[in-house]
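Biologist: Could you take one part of this model and go through it closely, after first placing it in the setting of the whole chain? Please give the cut-offs behind each term as you go.

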Amino acid sequence: MDSLHMLGQIRIVLVNTSHTGNIGSAARAMKTMGLGELWLVDPVNPVDEQAIALSAGASDILAQSKTVGTLAEAVADCGLVIGTSARSRTWSWPMLDAREAGEKAMAEAPKHKVALVFGRERTGLSNDELQQCHFHVAIPANPEYSSLNLAMAVQTLSYETRMAWLAKEQEPTDEAELEQDYPLSQDLERFYTHLEETLLETGFIIKPHPGQIMTKLRRLFNRARPEAYELNILRGILTSVQKNGRQKDDNS
């Protein structure tokens, strides 16, 4: 893959942004680092004159941006999804710092789209949205004053991504690494749906009281990062379990 095209594999996703000026400032931050793909998930207001003004010459990114209703739609065709998180969560998740996030993004960019996801200005990403991410990234800001606005966060991760891209240009291509084929986000979501259906059928989980089982299983499989063929094996196992259970029900 052409090295410059690798930057085109990086997608910045802004979720439920309140202020259009922040969208424009984020576009400016992206363009200074060579990133151009912006997706907006359910923005409070559409791109307007304020966004264009604060983009400071990056209005082309705004013009080409895509708006969708859910995070799942924005990352469906991505093989790696990294979500920003500034808060500790009930369930721990694989964590990266900003530099590691840039390096991870560039390592996988030759194989598939990579999404860097940013949440709401005040509350960030919800737990459900963070569960759709393979990794969480936290910017290690001053703990006594860790106030980063949205554009600053986008700038920081865009910078680290660009630095990782520049470093990767100097490295020989790792053909073994390129052979790894991870499933896209939409394929993982189909697997999680299949897994939950199977566990409901076997009685392992009960629909009115699912507890945290599916959350823990999401964390397990996101941490394990099964490759595409491994995910197909898992789907086959689930299908076999369902088929066997249904045959027993028919014979009883």
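Modeller: The protein chain has a radius of gyration of 20 Å, which agrees with the value near 18 Å that a compact globule of 252 residues would have; the radius is taken over C-alpha atoms, and the globule rule is 2.2 Å times the number of residues to the power 0.38. This is a predicted model, in which local features need pLDDT of at least 70 and side-chain atom pairs count only at pLDDT 80 or more, while totals for chains, interfaces and linings use all residues. Residues are numbered from 1 along each chain as its sequence is written, and side-chain values use heavy atoms, with hydrogens and water left out.

Along the principal axes, the C-alpha atoms fill a box of roughly 70 × 45 × 35 Å. Of the 252 residues, 44% count as buried, where buried means under 20% relative accessible area, exposed over 50%, and partly exposed in between, with a 1.4 Å probe and protein chains only. Among contacts (heavy atoms within 4.5 Å) between residues at least 6 apart in sequence, 86% join residues at least 24 apart.

The chain holds 12 helices and seven strands, which are DSSP runs numbered from the N terminus, with at least four residues of H or I for a helix and at least two of E for a strand. The seven strands form an open parallel sheet in the order 3-2-1-6-4-7-5, where two strands pair if DSSP finds at least two bridges between them. Strand 3 (66–68) and strand 5 (95–96) stand at the edges with a single partner strand each, so one side of each is left without a neighbour in the sheet. At the strand 3 edge, three bridges join that strand to strand 2 (residues 37–41) in parallel, and W39 has K66 as its bridge partner.

The part I would look at closely is strand 6 (residues 113–118), where six of the six residues are buried, so the strand is largely enclosed by the rest of the structure. In a regular strand the side chains alternate between the two faces of the sheet. In strand 6 both faces are covered, with K113, A115 and V117 buried on one side and V114, L116 and F118 buried on the other. Five bridges join strand 6 to strand 1, running parallel, and there L14 stands opposite F118. Five bridges also link strand 6 to strand 4 (residues 78–84), again in the parallel sense, with G83 opposite V117.

Following strand 1 (10–15) onward, one reaches N16 in the loop before helix 2 (20–32), and N16 has a positive phi of about 55 degrees although it is not a glycine. Most residues other than glycine have a negative phi. R225 likewise has a positive phi, of about 50 degrees, and is found in the loop between helix 11 (213–224) and helix 12 (228–251). At 9% relative accessibility R225 counts as buried, and, leaving aside neighbours within four places in sequence, its contacts include G79, L80, K104 and E108.
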